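Got your viewer open? Load the model below and keep the selection box handy.

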Amino acid sequence: MHKIDGPLNGLKVLDFSTLLPGPYASMLLADMGAEVLRIESPSRPDMLRGLPPMVGGNGPGAEKVSAAHASINRNKKSLALDLKSERAGEIIRRLLTEYDVVLEQFRPGVMDRLGLGYSTLRKMRKDLVYCSVTGYGQTGPMKGRAGHDINYLALSGLASYSGRADSGPTLSGTQLADIAGGSHHAVMGILAAVYQREKTGKGSHVDISMTDCAFALNAISAANALAGAGEPQLGGELLNGGSYYDYYRTADDRYLSVGSLEPQFAEQFFHGIGYGEWIERVLQPDQQHALKRDISEVIASRPLDHWMRVFEGCDACVEPVLGFLEASQSVLMQEREMLCDAELPNGETLHQVNTPLSFGSAKPRRHVAGAPLGSHTRELLRDLGYDGEEIEALRSQGVIA
């Protein structure tokens, strides 16, 4: 299997997670060179495997695979293992002699019932780094409650001022609580725990609540509210539509982003649209709605190409709103090496978004797409010391697939 040469070479991760938050976190780790082994149920496969569109499948015996799964689970191995089987615990214990990080995404208590909770596994590995990603955390009144990204954003307060005053909260184009909350904080927590282990020799249990993390993302609005400024309002804050910092529709039904807040940028922006005198209205609170209305009328009078020409040569913090495919084909994303190829099981390649992280050298441009369910099972068991007869017995008993 192709290995990524990155700063996390040597770090070995057992990933028990499915869908998005945990797998996205382990993808980031794998993209940085960690060796990630997914532990997957042979009877209840990750739902992401069935998410359309399906790609590949050309050639004899080749099966189509989910494009999302192929991306989010790239550069990982797959072991199909029934965790409810007693013999599965034996396999996990053997793996823990080599793998020193566990990532799981079950509700609190599930891994304990399987005999794989932190308190059990740490008896075998005192230096084990164990990361649990859940909606509401390992403690508290909602720890056993089901939830999704939309619920975590709602309970964190973020949704209450994300949207428009006349239409209410709106969904983001991506899953903020799942990814910015769960995935990114899981990676930070794991790497901090690994660093601590290097200094102390001790492992730890990293408790990632996606609601906690979403709550922390309130950032500036949280600081203001807790200082007595009151509840942040839909379309009432500096950066959420309460100022001319906003998106504006053009004559050809495209959009322009205007972030010209600082005086030097504001001056260039207002001169660019032909109304330099409007800069005097920026600091007048009672003028904000009227100012935005006037800007909207001006921007709507010309197509996007016109405004791109106007602002191309100046620093006004004004840029076009690109569709995803437009962005992927832009000079910026091409030169930043933000696209890569991943090899599917049948040898075909699939275009994917590359890692955004660079460590002083060229980013990896070729990856291995998410592996078929259990495709590394026999190889891994042989490496753990199981012979062919034992492996066949485990297969016939339904322990592996």
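What follows is a walk through a predicted model, one selection after another.

**Stop 1: helix α1**

Start by selecting residues 21–31, which make up helix α1. Is this helix mostly enclosed or mostly out in the open? Count the buried residues and you get 10 of the 11, so α1 is largely enclosed by the rest of the structure. To see them, colour P21, G22, P23 and A25, then carry on with S26, M27, L28, L29, A30 and D31. Now step past the end of the helix to G33, which follows α1 and has a positive phi, near 110 degrees.

**Stop 2: a serine in a loop**

Next, pick S85. You'll find it in the loop between β5 (76–80) and α3 (86–95). Its relative accessibility is 18%, and since buried means under 20%, S85 counts as buried. Show its side chain and add the backbone of R87: a polar atom of the S85 side chain lies 3.2 Å from the backbone nitrogen of R87.

**Stop 3: strand β7 and its neighbours**

Select 129–134 for strand β7, where 6 of 6 residues are buried. In a regular strand the side chains alternate between the two faces of the sheet. Turn β7 around and check each face: V129, C131 and V133 sit on one side, Y130, S132 and T134 on the other, and both sides are covered.

Which strands pair with β7? One is β6 (residues 101–104), which pairs with β7 in the parallel sense over 4 bridges. To find your place there, look for E104, which stands opposite S132. Another is β10 (residues 204–209), which runs parallel to β7 and is joined to it by 6 bridges. Here, use Y130 as your marker, with H205 of β10 opposite.

**Stop 4: the cysteines**

Keep C131 on screen and add C213. A disulfide is a covalent bond between the sulfur atoms of two cysteines. Why is there no such bond at C213? The closest cysteine sulfur is the one in C131, and at 9.3 Å that is too far for a bond. C213 itself counts as buried, because its relative accessibility is 7%.

Last, select C314 and C317. C314 is in no disulfide either, as the nearest cysteine sulfur, that of C317, is 9.5 Å away. With a relative accessible area of 24%, C314 is partly exposed. With a cut-off of 2.5 Å between sulfurs, the disulfide count comes to 0.

Note on methods: Residues are numbered from 1 along each chain as its sequence is written. This is a predicted model: local features need pLDDT of at least 70, side-chain atom pairs count only at pLDDT 80 or more; totals for chains, interfaces and linings use all residues. Side-chain values use heavy atoms; hydrogens and water are left out. Buried means under 20% relative accessible area, exposed over 50%, partly exposed in between (1.4 Å probe, protein chains only). Helices (H or I, at least four residues) and strands (E, at least two) are DSSP runs, numbered from the N terminus. A polar contact is a pair of N or O atoms within 3.5 Å; within protein, one must be able to donate a hydrogen and the other to accept it, and residues adjacent in sequence count only if both atoms are side-chain atoms. Two strands pair if DSSP finds at least two bridges between them.
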